[in-house]
Structure formats: C-alpha cells, structure tokens
Amino acid sequence: MKVIVCKDYDEMSAKAFEVMAEVVKNNPKAILGLATGSTPIGLYKKMIEDHEKNGTSYKDIKTVNLDEYAGLDYSSDQSYVYFMRHNLFDHVDIDLKNTNIENGKAADRQAECKRYNELLEKMQQDIQVLGIGSNGHIAFNEPGTPFGSVTHIVDLAESTIKDNSRMFASIDEVPRQAFTMGLKNIMNAKKILILANGKNKAKAVYGLVKGEVTENVPASVLQLHPDCTLVVDEAAAELIK
Ligand code: PGA
C-alpha cells in the first residue's frame, strides 16, 4: 500500500485530487467509484474547481457509489444520492443518467442488491474512493463482514449510528439499515484511493496499514489490493509513523 501523509485536511484533499485527476485525464470515459461522508468533500471541491477553471469534463464519466441508507432516496437531504448531487454532481457536467447508487427506497431490497451487483459486474471501477469508519469499516461493511461479500443490506453498528448522528437532527433519525457494496465489489476496483483524517481515525488507520488482515477490521482487506493509495493527515497517521 502506498501511504501519503499530509499535514492537514486541505493537503489531504489536494493529494487525493492529484490521484483522481490522473485517472480522469487519462481516461475521459473512466468509471469512478465514489464515497460519501465528510472525508471526501474536500476532494470533490477540488474536482469542481478544476472543472470550472480548467474545463475538465465529466460528460462521458460514469460513477458507482458505495452505499445508501435503506428507506431514504433523493427526496431526503440525508440520503447519499442527495449528498452526491449537492457536493459534486450538480457542479460538474456529468450526466445524472451515468451516475449509479443503490435505490434506498426499493420495495424489494434483495432484488435491488441483485440489480446493483449485476451493474457492478459490468462497471469495473477504474478508481474507487473510500473513507474509513472509526471501527475500520469501509462503505457500510461493518466488522465481521466476509471478505467475499457483494452488495447487501446491513444492520448498522451502534458506533456507526453514533458517528453519523452528527448529520441528523437526532440519533433516532439515523436509519438502522443500509445498502452497501460488499468487500469483493470494492476489491474489484482497478485502483483504490482511501482517505482518512483526524485522530478518531488513527486506530482504524493502524488496522488498515499495519494490523492483521482480518474480517474484524474490514479495511485490512485492502492490504491485499495490488494498487491501493492511502492519503492521510498527520493526526490519523499517528499510530503508523
Ligand atoms: P466520514 O465517514 O468521512 O464522515 O468520517 C467515513 C466512513 O464512515 O466511511
């Protein structure tokens, strides 16, 4: 795994943008695997700035997102489809028809997982952006998720519900379930770009980089990926120095 330690969030976002920009410039039809959460917002801001200043086009780019809360769709400002539009898609020239995310409001949840897995089989990510949870999760693959998992419905861990409650009016409003790409779908990406900042991520980053490869720390599977870059700030890198 390539590790790039940055002094702060801004530098982390700038370095992450360099990795992303190389993929988009080399292949204007690339398939980007994207993530939500507070970590990649700075990267998305840089992509928007670059689109505005340098005209980098996303018109032939396709995207697949990691996960979505079960029960929410674009009509909720807490949904991940809303997040993606607000933080990236509405500010670049991407065709929304080329963007993909699980349908949180699907009536038949198992059928929705199947649909998404079939889609991912046809859409190998040229790059997959990831954040990491304080418990070592990637996407909503909580500790104990099999490395061979594909898109599925998860019961969110209490720690994840607590971490994410900062985005909601109260903890009771955080959905208890989500759709998520599985670890196998993530590992299938040609390139992984994982970002982490802040000291509450230090333990998870240790598990990602130096810990045992174990299903108890889902991110540790990335040690087995042939092209994985971690961009991390000093606070989150504290235990791997
Ligand atoms: P965060 O979430 O970027 O909001 O910290 C990361 C994650 O839970 O994967």
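The largest cavity in this predicted model holds about 30 Å³ of space. How many cavities of 30 Å³ or more does the structure hold? There is one.

Its walls can be listed by residue. L32, L34, M47, Y58, T63, L88, F89, V92 and I94 line the largest cavity. Sorted by class, that lining comprises eight nonpolar residues and one polar residue, with no charged residues. Because Tyr is counted as nonpolar and Thr as polar, Y58 belongs to the nonpolar group of this lining and T63 is the polar member.

I turn now to the largest pocket. The space within it comes to about 660 Å³. Three elements each give two or more residues to the lining of the largest pocket: the strand β4 (67–69) and the helices α3 (80–87) and α5 (158–164). Which of these elements gives the most to the lining? It is α3, with five residues.

In total, 35 residues line the largest pocket. Those nearest the centre of the pocket are T36, G37, S38, N164 and R166. By class, the lining has 17 polar, 13 nonpolar and five charged residues.

Next comes the ligand. Where does the ligand sit? The ligand sits in the largest pocket. Around the ligand we find G37, S38, T39, G131, I132, G133, H137, R166 and K201. Of the residues in this shell, six are polar, two are charged and one is nonpolar. G37, S38 and R166, which surround the ligand, are also among the residues nearest the centre of the pocket.

Let me go through the polar contacts of the ligand in sequence order. At S38, a polar backbone atom lies 2.9 Å from an oxygen atom of the ligand. At T39, the partner is an N or O atom in the side chain, 2.4 Å from a ligand oxygen. At H137, an N or O atom in the side chain is 2.7 Å from an oxygen atom of the ligand. As for burial, the ligand taken alone exposes 280 Å², and the protein buries 83% of that area.

To close, I return to the two linings. The lining of the largest cavity has no charged residues, whereas the lining of the largest pocket, where the ligand sits, has five.

Key. Residues are numbered from 1 along each chain as its sequence is written. This is a predicted model: local features need pLDDT of at least 70, side-chain atom pairs count only at pLDDT 80 or more; totals for chains, interfaces and linings use all residues. Side-chain values use heavy atoms; hydrogens and water are left out. A residue is near a molecule or strand if one of its heavy atoms lies within 4 Å of it. A polar contact is a pair of N or O atoms within 3.5 Å; within protein, one must be able to donate a hydrogen and the other to accept it, and residues adjacent in sequence count only if both atoms are side-chain atoms. Accessible areas come from the Shrake-Rupley method with a 1.4 Å probe; for residues, only the protein chains shown count as cover. On a 1 Å grid over the protein atoms alone, a cavity is a set of points where a 1.4 Å probe fits but cannot get out, and a pocket is an open set with protein on both sides within 12 Å along at least five of seven lines; lining residues have an atom within 4 Å of a point. A molecule sits in a cavity or pocket if more than half of its atoms lie within 2 Å of its grid points. Grid points are joined across faces, edges and corners, and a volume is the space filled by probe spheres set on the points. Helices (H or I, at least four residues) and strands (E, at least two) are DSSP runs, numbered from the N terminus.
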